[in-house]
Amino acid sequence: MAFPHRPDAPELPDFSMLKRLARDQLIYLLEQLPGKKDLFIEADLMSPLDRIANVSILKQHEVDKLYKVENKPALSSSEQLCFLVRPRIKNMRYIASLVNADKLAGRTRKYKVIFSPQKFYACEMVLEEEGIYGDVSCDEWAFSLLPLDVDLLSMELPEFFRDYFLEGDQRWINTVAQALHLLSTLYGPFPNCYGIGRCAKMAYELWRNLEEEEDGETKGRRPEIGHIFLLDRDVDFVTALCSQVVYEGLVDDTFRIKCGSVDFGPEVTSSDKSLKVLLNADDKVFNEIRNEHFSNVFGFLSQKARNLQAQYDRRRGMDIKQMKNFVSQELKGLKQEHRLLSLHIGACESIMKKKTKQDFQELIKTEHALLEGFNIRESTSYIEEHIDRQVSPIESLRLMCLLSITENGLIPKDYRSLKTQYLQSYGPEHLLTFSNLRRAGLLTEQAPGDTLTAVESKVSKLVTDKAAGKITDAFSSLAKRSNFRAISKKLNLIPRVDGEYDLKVPRDMAYVFSGAYVPLSCRIIEQVLERRSWQGLDEVVRLLNCSDFAFTDMTKEDKASSESLRLILVVFLGGCTFSEISALRFLGREKGYRFIFLTTAVTNSARLMEAMSEVKA
Amino acid sequence: MDCYTANWNPLGDSAFYRKYELYSMDWDLKEELRDCLVAAAPYGGPIALLRNPWRKEKAASVRPVLDIYSASGMPLASLLWKSGPVVSLGWSAEEELLCVQEDGAVLVYGLHGDFRRHFSMGNEVLQNRVLDARIFHTEFGSGVAILTGAHRFTLSANVGDLKLRRMPEVPGLQSAPSCWTVLCQDRVAHILLAVGPDLYLLDHAACSAVTPPGLAPGVSSFLQMAVSFTYRHLALFTDTGYIWMGTASLKEKLCEFNCNIRAPPKQMVCWCVYAAHSKERAVVVAWERRLMVVGDAPESIQFVLDEDSYLVPELDGVRIFSRSTHEFLHEVPAASEEIFKIASMAPGALLLEAQKEYEKESQKADEYLREIQELGQLTQAVQQCIEAAGHEHQPDMQKSLLRAASFGKCFLDRFPPDSFVHMCQDLRVLNAVRDYHIGIPLTYSQYKQLTIQVLLDRLVLRRLYPLAIQICEYLRLPEVQGVSRILAHWACYKVQQKDVSDEDVARAINQKLGDTPGVSYSDIAARAYGCGRTELAIKVWVCWSMSHAQGSRPLRAGTLIWVRARLGVFTVLLHLKNELNRGDFFMTLRNQPMALSLYRQFCKHQELETLKDLYNQDDNHQELGSFHIRASYAAEERIEGRVAALQTAADAFYKAKNEFAAKATEDQMRLLRLQRRLEDELGGQFLDLSLHDTVTTLILGGHNKRAEQLARDFRIPDKRLWWLKLTALADLEDWEELEKFSKSKKSPIGYLPFVEICMKQHNKYEAKKYASRVGPEQKVKALLLVGDVAQAADVAIEHRNEAELSLVLSHCTGATDGATADKIQRARAQAQKK
């Protein structure tokens, strides 16, 4: 079931070093404020912090009490307060209110603000404006890479997506460059670099500059990772917007995996308590099913249960010595496995309950129709009904965006009516959401010129292949936005299905979407790696509107071992989904590569939509 | 060598004094020095001359002229003096010229004659006039002391941080003191004055009479007094021609001398040689044609002055300049003395000799060397040569001493090279700045006291940027302290050149500074702004930030600067924001997408109102509309306020030609008003519900009529209304009403949803009613939903639809449906046969 790696697959570098580094740095910062102190932690930093240093480590370094940064007055009585926050203006105001309250009360305490991963000037300025710049000391905790799994590094910056792709804020790019710099100092230079997207290019150039500034350090080292591929999320919104059907993705969509762990509610644990479970390669059961299409998971789990039972059953007929052996060596592992198994079975049941309903089947059907581009009218009315029935604001929005992107924008009539319906269903404040979505290019109206594409497809059927290519060129130069349909055709994203797609034995990466669609982002990566450049992909790059932002940078490969050349670091700027990770893991197994993922945050369709939504304050 | 000590003059047994020429002045002075007010800054600083200071006539030709020269007599500035009569001139530690006027105003000029600022020494002076003034230097900066017509003293210890201190009255003082000076002890400035035979010490609290110990009798008046550079020593000249020398605290006498000249000296300078090992304290007294060096010796050294001269006290000597020459008089430093003294057998002297012989290829070199080595004094010899080189003015002599040192070093195993290397470097710097064109005649000791940083500042002040940069590069100073700092100064100077166009200045700055780390663009922009060149300020950072942000040029200088630059942009932004008026500021922003997005983000959190203004300025009606919509949710509490905000938003959307948004906003206004009315009339919570939810709430509350009215008013499409009613009625479990509703007309959404919703409420009975009405395509689904598998199978067989058959089959469970399953299998087989 679970596919073993090819025997020649390269070993992954050990990323636990990153954790140690972050921990040591944090301890150093805490020690800068000697004596007992209370630590205020921003909610978003709590889970990542937990993965780096647990409470007992904090206590060892004289952290007395822990508080959450929230909009409430703090009750701390300590003489020293330490704040661990993201560089946000909101936080600065919170700290300022606290310090100013102390000042009013005539109290003097020591305050230290630790920004993670870096501080922004605007923050210091707010402190200054609030008149407390001299009262607090500022530091940076350059903790930007959290290894969530053996092959997954996350920057845990979900706000990157909104800040960059919506607000046009480029400050985080520097953080990305710093993170890359850290990786290259630890794991050697990357001989081959590829990238696509405006942000990718900026981050890459910045990082290169960092390297040049400190050259010499990495130069002589043997590269451990042979390739690096940077990719902007806006190159491929489609994949991120699809419903996920691979187990890990489904768990994320259903229960929300947060910082590599998930809270299973009572309905899963079949007790009255919730349970926090770490999901990574250490969980043997999970590791075997995470990349599987959901339809296989149940069968696998029941098989596993039977095996487990058989192992338990072995103890019958054992003599005392064997029994002793069994209890001391195997029983614990079996029990552990047993516990995990029952958890995942519980999770599966819960997912089944939600997803195997009629609705879900229809939803998937509509999605596939949208991806393939047939029955557009039917899909549109499905979306309308979805909105009318108030099924879910986020889901409705997602479908609208998917329709818009695959169709090059909605036709004006639909654009109006869907939006009207949406506002009636979910409230008028979403007018702002629509304005955001339009700005980000997720939900747009077809410009009159875009109807040409319809004409184009008709015309191109009538002429020879060569001429058709020319016509496509001509048309696409008229169209403003990216043309998903044309890309799909070029890259063969919709596999031809002869008969049933066997999800048990996947043929290509399309299995992560039930065989209906190969993720665009992964296909691009596959193609570029195959060619070792963007050569021959000019057309696609142009259709993606990335002509100026696709780059390759190869250095001499004499030092790179063949093993390292099969290690590929993929950097997703703006987040990646578990489906993409699964797809690339599959690709790696097929080709003997290993992929390492670096993402600003693990995302999914709901998170993308929420980032764009305006909610009432 | 023989004549090298020719200009050495012995004073007493152990000390020699020498005077050598620094420059021959070519400043073409027309007047005699005595006709001018003269001020020369210490540390080889500039010289200021005010000609015709005392003329009262108003004629332009004889108006006073203020000239500023470098120490070598190069003109730096010249300006007509148009203000009031000047009493005294002096240089501050920052090389700013302080001109004390008779009315107590002090005008401050820069090195290049640029007016900086002015301040006043108090109102009291306005009536009484200033009789005399002194500019003095302390460790805090430069101070001014004045003596008013009412014989009162006022002083300010630091002109940078002006605090006037009026000194207490001297009892019984009727006429001006015969001489006075400022003493600085324990960080407090005092005034020492002489009235007749008495000396008084004024501090800020009291006036006390003091007597110098061991003063010769018969003194009826003090004619001159002089304090040393460090305020440690004091010299008094009496009317009997007697000179008393002692500590400035007046507690100890060091020596005395009687010169038997009763004429009051023109100038007197007291110095204590700064080096710790110095033996001598000396006083230089100048009369019209005579210069006398007096020390702890029965004889004095006398020079004849050919011309009218002026003395400038320095740390380690005294500079003497006249119309034609500029000389330096100092005690010969110990190292030089050891080496050059006639018949000296000091190790340094021998080493110098050895090296000379070596150059002549004479074996005597070896003898000399051996002699030194036998005494084990080679290290000392080398050190002596190095040190002496530092004190020599002539590069030739420096070279030969250094050559000797270098020669000696060869015979030493472990001689740390630092001192030699540093001396070479220092001398190169010193020779460079001593150059005629630069004109800063610093001695080695002065240079060490001044530090390289200050020297660089002074070069910058003289606008000698290239030399300063060369020095930085030569000494390999860190960029932030060195090159960058100078470039920044240069840029600040550049932006003040009003005759160059903004474009050119901005480009020049960008070209030079483009890649230099640590240059604060915000400072430059701020300076440009300070000179009223707003446009230029903007251009400076626009040009530069564009070249970085757009990547038109590779970011060679690296990320740190890039980041810092961004911060810089931000600083300038905020600076300009505070300084410029809004309109100009926003116009500026417009062309800067990066800055604009940063600023928007900032405003969103910190200054919402500004954000609105920003959109307004840009005519960005779309965003303005969004802004008001957000405001209507976040900021406004009252319903009227919210409606008003929405109205503004709608207007903005119309302007933005976004009809859709405008209409939607207007609908929302209507809905809000209506919800308010509903709340008033029906009670309950309606505000902030969506239209859909409002109608649902009405139905759930049993207000069907109202609900329908609302649906009509807002043109809710039929489909939505049906879904809505269906869900609401099912939630109420009002099956009767539901049935009535289902029969009101043909359902636009079909009847399957009715079946589904009934089953959701577990009402099989009701569900079955609707199942019969479901259209043929969905009939099977409906029948399966209500659990009528057998009938579903019949329908499916009737339809001969494979998909439906398998669907039914999948629902056949257990024994109960066994028959049905068989039936389907048979039907299938039949269909296949056909």
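These are my notebook entries on the cores, one helix and one sheet of this predicted model.

Entry 1, nonpolar cores. I looked up the largest nonpolar core and found that it has 227 residues, with A:F83, A:W141, A:L183, A:Y247, A:L442 and A:F595 making the most contacts inside it. I then followed A:Y247, which, leaving aside residues up to four places away in sequence, touches ten residues listed for it, including A:F286, A:I289, A:F294, A:V297 and A:H344. Apart from this core I noted another of 64 residues, among them B:L412, B:L430, B:L450 and B:I469.

Entry 2, helix 6 of chain B. I checked the length of this helix, residues 395-409: at 1.5 Å a residue its 15 residues should span 21 Å, and its end C-alpha atoms are 20 Å apart, which agrees. Its buried residues include B:M397, B:L401, B:L402, B:A405 and B:F407, and what covers the buried residues includes helix 2, helix 3, helix 4, helix 5 and helix 7 of chain B.

Entry 3, the sheet in chain A. I traced an open sheet of seven strands in the order 6-7-14-13-9-8-12, with mixed pairing. Strand 6 (146-149) and strand 12 (550-554) stand at the edges with a single partner strand each, so one side of each is left without a neighbour in the sheet. The twist averages 20 degrees from one strand to the next. Inside the sheet, strand 9 and strand 13 of chain A run parallel and are joined by six bridges, and I found A:H227 opposite A:I568 in strand 13.

Entry 4, helices across the sheet. Helix 7 of chain A (171-187) lies across strands 7, 9, 13 and 14, running at about 165 degrees to strand 13, whereas helix 25 (578-591) lies across strands 6, 7, 13 and 14, running at about 160 degrees to strand 14.

Methods:
Residues numbered from 1 in each chain as written. Chains lettered and ligands numbered in written order. Predicted model: local features only at pLDDT ≥ 70, side-chain atom pairs only at ≥ 80, totals over all residues. Heavy atoms only, no water. Core = buried A, V, L, I, M, F, W, Y, C linked by side-chain atoms within 4.5 Å. Buried < 20%, exposed > 50% of the residue type's maximum accessible area, 1.4 Å probe, protein only. Contact = heavy atoms within 4.5 Å. Expected span 1.5 Å × (residues − 1). Pairing = 2+ DSSP bridges. Axes fitted to C-alpha atoms, helices over the stretch in contact; angles between N-to-C directions.
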